[in-house]
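I opened the model and kept short notes. The entries below follow the order in which I looked things up.

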Amino acid sequence: MRHTELWARLDQVLGRDYSRTWAELTVVRELDGRTTREALDAGIPPKQVWSAVRRHLELPDSER
């Protein structure tokens, strides 16, 4: 997964405007207490970040 795909999926789920704010402010415990943005900036692969975000948002398995 590329960064662009992660952002597109997050946009689809939360809406383009809110997804950016959410990614900068919401701490995802599974990402070692980082936000989505912090995790990506720290070099965590987008696929791993999306998996954690998907579980955090309690999205269905179809969103893998």
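I took helices (H or I, at least four residues) and strands (E, at least two) as DSSP runs, numbered from the N terminus. This is a predicted model, in which local features need pLDDT of at least 70, side-chain atom pairs count only at pLDDT 80 or more, and totals for chains, interfaces and linings use all residues. I number residues from 1 along each chain as its sequence is written, and side-chain values use heavy atoms, with hydrogens and water left out.

Entry 1, the tail. I looked up Pro-60 and found this residue in the segment after H4. For accessibility I use buried for under 20% relative accessible area, exposed for over 50% and partly exposed in between (1.4 Å probe, protein chains only). Pro-60 has 47% relative accessibility, so I noted Pro-60 as partly exposed. From Pro-60 to Arg-20 I read 21 Å, C-alpha to C-alpha, with their positions 40 residues apart in sequence. Glu-58 is also placed in the segment after H4. Its phi is positive, near 55 degrees, and Glu-58 is not a glycine. Glu-58 counts as exposed because its relative accessibility is 72%.

Entry 2, the overall layout. I counted four helices and two strands in the protein. Along the sequence the pattern reads α-α-β-β-α-α. The radius of gyration, taken over C-alpha atoms, is compared with a globule rule of 2.2 Å times the number of residues to the power 0.38. For 64 residues a compact globule would come near 11 Å, so the 10 Å of the protein agrees. Along the principal axes, the C-alpha atoms fill a box of roughly 25 × 25 × 20 Å. I noted that 36% of the 64 residues count as buried.

Entry 3, contacts and charge. Contact here means heavy atoms within 4.5 Å. Among contacts with a separation of 6 or more, 42% are between residues 24 or more positions apart. I counted Lys and Arg as positive and Asp and Glu as negative, leaving out His and the chain ends. Each charge is placed at NZ of Lys, CZ of Arg, CG of Asp or CD of Glu. There are 11 positive and 11 negative side chains, and the centres of the two sets are 5 Å apart.

Entry 4, helix H1. The expected span of a helix is 1.5 Å times one less than its number of residues. H1 covers residues 3-14, and its 12 residues reach 16 Å from first C-alpha to last, close to the expected 16 Å. I listed Leu-6, Trp-7, Arg-9, Leu-10 and Asp-11 as the buried residues of H1. Their cover includes helix H2 (16-25), helix H3 (36-41) and helix H4 (46-56). Gly-15, just after H1, has a positive phi of about 90 degrees.

Entry 5, Ser-19. I found Ser-19 in helix H2. Ser-19 counts as buried because its relative accessibility is 0%. Neighbours within four places in sequence aside, Ser-19 is in contact with Trp-7, Leu-10, Asp-11 and Leu-14. Ser-19 and Thr-35, 16 residues apart in sequence, are 12 Å apart in space, C-alpha to C-alpha.

Entry 6, the loop between the strands. Asp-32 sits between strand S1 (27-28) and strand S2 (34-35). Its phi is positive, about 60 degrees, although Asp-32 is not a glycine. I entered Asp-32 as exposed because its relative accessibility is 65%.
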